Number of protein chains: 2
Amino acid sequence: MSTISDVAERAAVSAMTVSRVINNSGYVSAPTRDRVERAIEELGYVPNALARQLRSKRTKILALIVSDITNPFFTTIARGVEDVAARHGFSVMFCNTDESAAEEAQYLQVLIERQVDGVLLVPTRRGGASFRTLRAHRVPVVVLDRRVNDPFVDSVRCDSEAGAYALTRHLISLGHRRIAVLTGRRTISTSVDRVAGCRRALQDSGLVLPGELVRFGGYNFGSLNQTDGYEMARSVLASASPWPTAIFAANNFIAFGVVRALHEAGLAVPGDMSVVAFDDLPADWAMDPFLTVAAQPAYEIGHRAAELLLDRIAGDPDAIGNAVVFPFELIIRNSSSAPRVTEAARA
Amino acid sequence: MSTISDVAERAAVSAMTVSRVINNSGYVSAPTRDRVERAIEELGYVPNALARQLRSKRTKILALIVSDITNPFFTTIARGVEDVAARHGFSVMFCNTDESAAEEAQYLQVLIERQVDGVLLVPTRRGGASFRTLRAHRVPVVVLDRRVNDPFVDSVRCDSEAGAYALTRHLISLGHRRIAVLTGRRTISTSVDRVAGCRRALQDSGLVLPGELVRFGGYNFGSLNQTDGYEMARSVLASASPWPTAIFAANNFIAFGVVRALHEAGLAVPGDMSVVAFDDLPADWAMDPFLTVAAQPAYEIGHRAAELLLDRIAGDPDAIGNAVVFPFELIIRNSSSAPRVTEAARA
DNA sequence: TTGTATGCGTTATCAC
DNA sequence: GTGATAACGCATACAA
């Protein structure tokens with residue numbers, strides 16, 4: 001309501017001096033500073049960030065664009081981002097695309113208009129328009145969670161392929177030979193990489209991943225309608241012959257659905273069917289049995305990505321991209337065990 | 001990068017005319033409009049929202065402040081808010097307090113500096129400082145999820161007391177007489193109201209809620225460390241005598257912990273112990289057994305609150321507060337059944 | 001140590 | 001229909 005001029009008038013100084021007090025910049029004598037601070041207090045003056053931003057050409061706003069704001073994986077990332085941002089005086093705008101490229105483009109447009117200083121993006125596409133747009137407007141970007149084609153873009157993610165490989169090795173070491181793999185959309189690198197990891201692990205043991213045991217989720221991977229895992233598991237039970245002895249779920253939501261479908265079918269986990277999954281999040285801990293997982297350091301991913309973005313904002317906009325790949329953590333719990341020896345397996 | 005003047009120059013018109021084209025305000029001849037649009041296209045011009053906001057004194061930004069951004073209840077609310085906001089050209093800043101009044105105050109300060117047009121708040125306190133601050137700066141606010149003392153504040157929430165009452169009635173009708181109630185912090189209205197609802201239901205049936213069967217969660221209700229439900233359930237099993245035959249969990253996270261603690265203790269749900277809970281969210285659906293709940297319309301709460309806030313922004317800032325109380329939905333599933341008749345119960 | 005002039009990019013107002 | 005001017009609130013550059 002009151003402006004810097006009001007404060008200046010009341011303290012009998014110039015607006016510039018008030019600005020110096022507020023920003024702790026330049027020299028201000030102690031008595032003057034006192035008078036100004038008193039005036040600020042009395043008027044309840046709050047600086048107008050808009051004017052400041054217009055002048056300084058920096059908004060101290062970061063945007064975080066994810067594909068599903070209701071997924072704890074992404075909100076945990078958000079916490080990591082938030083903590084780093086706050087420490088540097090930045091605010092975060094949190095946006096949700098639902099895996100829609102149109103939504104993503106729409107958000108970018110708004111964010112560029114709003115002059116955000118940088119963008120953290122879980123991209124719906126592997127390359128192209130979004131990055132061109134951002135570069136055209138000189139908005140630094142860090143890609144989260146997924147691989148992209150652009151070598152100039154910074155990125156922070158977890159090693160999906162290696163995580164899937166390790167989980168699958170674990171199953172194989174327990175004696176599993178037929179493993180179903182339920183994953184997300186084909187357009188998303190994590191979906192594809194996790195299948196690739198499973199396949200490589202099987203091949204390294206002289207096994208194969210037959211097409212009938214692989215399912216790519218539909219549009220709803222990571223979206224509100226989290227029934228894909230359930231549907232895919234039912235689909236496998238309905239059509240695969242013989243049944244697999246274990247199921248690999250490519251993320252937490254899929255795992256939820258799988259466990260639910262197995263319960264419904266009267267199959268015990270891990271007695272009748274082992275289950276392993278990516279992600280390890282609070283909600284998972286309510287599951288019975290407690291899942292064997294490849295855990296991703298979500299908080300750290302957000303944390304590191306925000307640091308990278310702030311560095312980029314402060315530093316060279318044209319430097320080569322920095323690709324950070326975090327290790328997963330293999331956590332073996334109660335959802336995986338040796339397969340029951342069936343007629344089919346003996347054959 | 002390029003400004004309205006650049007566009008004006010290229011189109012050989014004044015900046016004002018460009019402004020008219022952008023905003024569809026005032027009269028512009030078709031040929032002029034064409035030239036301007038071409039220039040905009042050629043330059044890749046994007047209007048600077050900051051300048052616009054400074055001039056118009058409206059940012060078209062809403063803030064949504066919740067106590068735990070990782071809780072799907074709140075992110076589902078966020079979706080409701082987001083959808084309404086986007087439809088009206090507003091952006092949303094999503095903030096997380098972790099139930100800390102200091103964080104809340106800190107955010108409000110920043111948001112006021114950033115001139116947000118309105119605030120949606122899940123308050124950490126029942127009244128006081130936050131509302132005074134917002135009113136002093138004429139920032140409209142709508143309170144979410146919780147009751148507050150201030151009659152001038154708009155609010156949107158679900159009927160916690162009635163929901164708890166209904167769930168407890170359900171348990172009583174099944175034959176339960178001893179019911180443990182595990183809830184959140186005492187300072188939060190939903191925690192208290194849910195206990196009150198349970199107590200009233202018991203009293204209406206001539207029963208009591210003994211102190212030894214009530215647990216108030218610690219600081220971490222709705223925070224990252226979601227072990228409170230687990231700890232509280234273990235505490236009840238360790239000290240209550242005789243055991244309750246049912247447990248009421250005041251939110252989804254508490255329910256997770258309860259089910260886990262019961263599994264660990266080798267107790268079957270609902271065979272040995274019935275469980276009912278507030279909230280019904282995607283992650284819950286992975287639970288076994290599928291929970292009996294009082295479901296809150298989280299999306300609708302966010303949706304309605306955002307509408308209310310936009311109305312308030314457009315309308316009378318001093319009108320009396322509007323308190324919207326949504327009904328819960330009682331969903332009876334598999335986690336509740338008649339209690340096993342024990343020695344204690346027969347006594 | 002403090003003040004003045006100027007401009008950030010846009011739009012309201014009034015004039016033509 | 002279109003344009004000139006001023007102003008939003010602040011900070012940069014320079015002067016005193």
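The surface near DNA strand C divides into 12 nonpolar, 11 polar and 3 charged residues. The description below concerns a predicted model.

Among the 26 residues around DNA strand C, those that come nearest are Thr32(A), Ile4(B), Ser19(B), Asn48(B) and Ala51(B). Helices of both chains contribute to this surface, and each of those in the table supplies at least two of its residues.

| Chain | Helices supplying at least two residues each |
|---|---|
| A | helix 2 (15-23), helix 4 (49-56) |
| B | helix 1 (4-11), helix 2 (15-23), helix 4 (49-56) |

Chain B also holds an open sheet of 6 strands, arranged in the order 2-1-3-4-5-11 with parallel pairing. Strand 2 (91-96) and strand 11 (323-326) of chain B each have a single partner strand and stand at the edges, so one side of each lacks a neighbour in the sheet. On average, neighbouring strands of this sheet are turned by 15 degrees against each other, direction ignored. Within the sheet, strand 4 (residues 141-144) and strand 5 (residues 154-158) of chain B pair in the parallel sense over 3 bridges. Leu144(B) has Val156(B), in strand 5 of chain B, as its bridge partner.

The relation between the two protein copies can be stated as follows. A turn of 180 degrees, with a shift of 0.0 Å along the axis, lays chain B on chain A with an RMSD of 0.1 Å. The two copies are therefore related as by a two-fold rotation axis. Both copies use the same surface, since 100% of the contact residues of chain B recur in chain A. Met93(B) is the residue of chain B that comes closest to the rotation axis, its C-alpha lying at 2.5 Å.

Notes
Residues numbered from 1 in each chain as written. Chains lettered and ligands numbered in written order. Predicted model: local features only at pLDDT ≥ 70, side-chain atom pairs only at ≥ 80, totals over all residues. Near = placed C-beta within 6 Å. Helix = DSSP H or I, 4+ residues; strand = E, 2+ residues; numbered from the N terminus. Nonpolar A, V, L, I, M, F, W, Y, C, P; charged D, E, K, R; others polar. Pairing = 2+ DSSP bridges. Axes fitted to C-alpha atoms, helices over the stretch in contact; angles between N-to-C directions. Least-squares fit on C-alpha atoms with pLDDT ≥ 70 in both. Contact = placed C-beta atoms within 7 Å.
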